[in-house]
Every structure is written in C-alpha cells, then in structure tokens.
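Reader: I should like to examine one part of this model closely, namely its nonpolar interior, together with the parts that adjoin the discussion. Please treat the matter in one connected account.

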Amino acid sequence: MKSHHKIAIVGSGAAGMAAALFLERAGHEVTLFEKVADPRPVGAGVLLQPAGMFALKQLGVLDEFLNTGERINRLYGENENGKPVLNLVYEDMHKGCYGLGIHRGAIFNILLEQVIKSGIRYLTACPVDDFKKYGDGSVELFKGTESLGNFDAMVLSDGKNSKLRNKYQVKQKVHNYKWGALWAIVPDEAKDFRGELRQVYKSTKNIAGMLPIGAHPETGEPSVSLFWSIRDSRLRRWKNEELHKWQSEITGLFPELRPLINKIKDHNDILFASYSHITMNKWHDDNLLCIGDAGHAMSPQLGQGVSLGVYDAWIMANCLKEFCNIPEAFAEYSKRRKAHIRWMQFVSKTVSPMFQSSGSNWAPYRDAVFNAIHKFDFSYNLMIRTLSGVQRGVFRPAEPHLIDFVKTMPKN
Ligand SMILES: Cc1cc2nc3c(=O)[nH]c(=O)nc-3n(C[C@H](O)[C@H](O)[C@H](O)COP(=O)(O)OP(=O)(O)OC[C@H]3O[C@@H](n4cnc5c(N)ncnc54)[C@H](O)[C@@H]3O)c2cc1C
C-alpha cells in the first residue's frame, strides 16, 4: 500500500495552510484550493493559545509568530460596576506560560510564505463547488462543472460556511448565533495597551473588549483589536446611527478605550462577524475529512478557533504517518480529536449565552458562577487549562506533549 498520497485541501485559512504544510513535509502531493482570487492579510485580531503555538512550533514557524504578535498574560473581564468576573492568568498554570495576540493577516502572511516556499500547488480563484467519490477510493473535485482532478483524499478546511460539509455522510448540526461582533483594528503607537485581553460586560447585552495584537501586517505599527458584541438584528440600526453615538456607548462602558475608539472615523473602518456553532458526530467519511471551523466552529468567547484548526492539522498529518490506509488514518483522527473538540465546544456553548444573550438577564448568575470558579483551585485550574487549549474534559488528563510544551514555552 502506498504511503504517499495525492491530497486535495479545500480552503486556505490557518487550518488549511497548516494542513498543506504538514502533509507536504511528510511527502504527500498536496493541492491547496482557495476560492478567493487574491487572498490578502485581512481579518480581526485573534488570541492564540499554547495548544495552537505547540502545533506552530512543529511547523517551525512559532518564532515568526512570537516576533510579530503580542504576549498576553491574562484574560481579564469585569462587569459594568467594575466588579471582576474573569481573571485568568496563564502563569497560574505554569510559570512562563502565555497566550499570543496576533492579527489574522499576520497569521496568513507567515503561513502563505511557507506555502509558497514549499512549492505546494496553490490554486486561487478556484472554488471547489462539488465532489464525487468513486469505488476505487478516489475523489474528484469540481469547480462548477469543470473537473479539478482526482485525488486519494480531500480535506475540507473551508471555514464555518462550508458548502461541502453537508455532502459528508456524517450527522451534523449548525447553529447560527443571533449575536456577533463589530471589530476594528487601530494603531497603538505608544503601546499603551499591552499584555492582557480586557473586556467589560454590560449585563449580557454588550461586551466592549480589546486585545493587543503586536505588529500590523501591512503598516508594522503596534496595533490593538477592538470588539463590541451586537445582536445581528441591530446591525442595520447601528449602521444608520451617527458613529459618535456608538463611540460614546463604548467609552461609557470602558473609558480607557477612548484614545483608541476616537481613531475610528467611519463605519467602514468597522466590520461585523457572525458566529456559528457546528457539531459533527465524527469528522471523517472514508477518504474525506473536515478540519478547523468547517468541522467545529464555535463562538469566539474562548479564543480557540485558530489554535484548534492548526492542532487538527498536526494530528491529521500524524495519523497519516501512522496509517497508510487513508480511511483508517482519518477514522483515527476522529478518535484522537473527539475529547478535545467536544470539551471545547461544550464549554463554548455553555459559556457564550452568559456573555451574549437577550431575554432574561443572566449576568448576576454569571458573575456568581465565575466568582465561585475563581475561589476554588480545582475549578480555576480547569478554566485556565481550558483557556490554554490543553484541557479535554473535567477529569481527562491533557495530552502529555501539550503539558510539556506549556512547561517549556519559549521566552517572549
Ligand atoms: C470576531 C472574531 C474573533 C475571533 N477571535 C478568535 C480568537 O481570539 N482566537 C481564535 O483562535 N479564533 C478566533 N476566532 C475564530 C477564528 O477566526 C476561526 O476559528 C479561524 O479563523 C478558522 O480558521 P479556518 O482555517 O478553519 O477557516 P477560515 O479562516 O474561515 O478559512 C476558510 C478558507 O476557505 C476558503 N473557502 C471557503 N469555501 C471554499 C471553497 N468552496 N473552495 C475553496 N476555498 C474555499 C475561504 O475563502 C477561506 O480562505 C474569531 C472569529 C471571529 C469572527
């Protein structure tokens, strides 16, 4: 049985590019398809977790991420009365542990450079619209009615709005949240905002937040990602209102943001992102696999999406190293990823309405619950390990290589 395969990867976000790189390095013949004609470094700031940084280290690109991004020591959130709700300090898990704030465009640039260097066949302006599986174990991909070729396997990493996922013979569920976020990237030349992701909650109706993200991928200036949660039904009204009304609402809740918020001059400087929660019973269907947001999108409250996606890619490449038979390798992938993904999705689904929901006011219960969580070592440690992306369940131990990484993270 051959050990090197012809593999199609659909979608060149963080998960798809990491998958392409891991597979190419393992000797597979990889084609990476991207629907966008001219993919560019756009996007919000994201928080990378130690689990994601572990995978990036295996790719040999972690140093570049650390040189570009901003070290984050804690996640701090308080309610509108100034009472702390969340105070999760990475170093409480292990000395020297941290998260990394980084622009999504910087992630894109670093990974794209590696994809280009590696000579991976990267086809842009090439949406994969359909596929057909054949009895000989191959899969044919199509752009419209045009064949894009036959492959031994297809890895879907086409994000939360995947159009192909529902053709997998796998039970799946998509829940679109009624809430999303307005976000903007603004320069912070004086580096006044460093070291922490900070949020202020107005009951469960609004979150004003900021995340330092290091160098902007285009200007190189130190930057901060600002976000404001909003119900999607209110978006139209927000667009029709004067910008200063929204700016005052944010600074009323989070006054320290004034110098940053005032740099935003136009509604067009702000983008809206919606969230979905996608669950699949398993992520493989014979020689088809689904990774990243395509397979397990969730609300960004926990800051796990990119980290899970690049970690998925590492596990998938390992499974293909250990099992030459693709369906066996992909079945093993689902087995190995199950606990980790299920746990993160469970926490995300539980926690998200406590921060973003309408109707009854959950805020006093949320504040009481998180207050209790911070009081006990067991629950606090569980929260920190979950935030760091290493936890796989209440009592299930983290994978040893992740714990080793957390204990020996590079100084930054
Ligand atoms: C406001 C906001 C804040 C967030 N904060 C964080 C955070 O702090 N930390 C974190 O880790 N995550 C965060 N996330 C989530 C994170 O951005 C995603 O989880 C992550 O980017 C998903 O990566 P991906 O590679 O799976 O998919 P994507 O990045 O969505 O990439 C999918 C790619 O597939 C391409 N594509 C789609 N369809 C096709 C097709 N048919 N053919 C070919 N190509 C196709 C798309 O053009 C795209 O390039 C946040 C998300 C939002 C919206």
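Reader: How many residues has the largest nonpolar core, and which residues have the most contacts inside it?

Author: The model is a predicted one. Its largest nonpolar core has 117 residues, and those with the most contacts inside this core are Ala18, Ala19 and Ala313. Helix α9 supplies the largest share of the core, 10 residues. In soluble globular proteins, nonpolar side chains tend to be buried together.

Alanine 19 may serve as a point of entry. Setting aside residues up to four places away in sequence, Ala19 touches Ile9, Val155, Ser157, Ile291, Ala313 and Met316. One of these partners, Ala313, is itself among the residues with the most contacts inside the core.

Helix α9 also matters for the ligand's surroundings: the largest share of the shell around the ligand, four residues, comes from α9. Of the 33 residues around the ligand, Gly11, Gly13, Gly159, Gly292 and Gly305 come nearest. The elements giving two or more residues to this shell are α1 (14-25), β3 (45-48), β12 (172-187), α8 (293-296) and α9 (305-322). Sorted by class, the shell comprises 16 nonpolar, 12 polar and five charged residues.

Between α8 and α9 runs a loop that holds methionine 298. Methionine 298 counts as buried because it has 26 C-beta neighbours inside 10 Å, where 20 or more are required. Apart from neighbours within four places in sequence, Met298 is in contact with His277, Gln304, Gly305, Met344, Gln345 and Ser348. Gly305 among these is also one of the residues that come nearest to the ligand. Methionine 298 and histidine 175 are 123 residues apart along the chain, and their C-alpha atoms are separated by 9.2 Å.

The contacts of Met298 with Met344, Gln345 and Ser348 lead to helix α10, residues 326-355. The end C-alpha atoms of α10 are 41 Å apart, which agrees with the 44 Å that its 30 residues should span at 1.5 Å a residue. Helix α10 nevertheless bends by about 45° at lysine 338.

Helix α4 offers a further case. Its 15 residues, 104-118, reach 21 Å from the first C-alpha to the last, close to the 21 Å expected at 1.5 Å a residue. The buried residues of α4 are Arg104, Ala106, Ile107, Phe108, Ile110, Leu111, Gln114 and Val115. Just after α4 comes glycine 119, with a positive phi of about 80°.

How values were computed. Residues numbered from 1 in each chain as written. Predicted model: local features only at pLDDT ≥ 70, side-chain atom pairs only at ≥ 80, totals over all residues. Near = placed C-beta within 6 Å. Nonpolar A, V, L, I, M, F, W, Y, C, P; charged D, E, K, R; others polar. Core = buried A, V, L, I, M, F, W, Y, C linked by C-beta atoms within 7 Å. Buried ≥ 20, exposed ≤ 12 C-beta atoms within 10 Å, placed from the backbone. Contact = placed C-beta atoms within 7 Å. Expected span 1.5 Å × (residues − 1). Bend = angle between axes of the 7 residues up to and from the residue.
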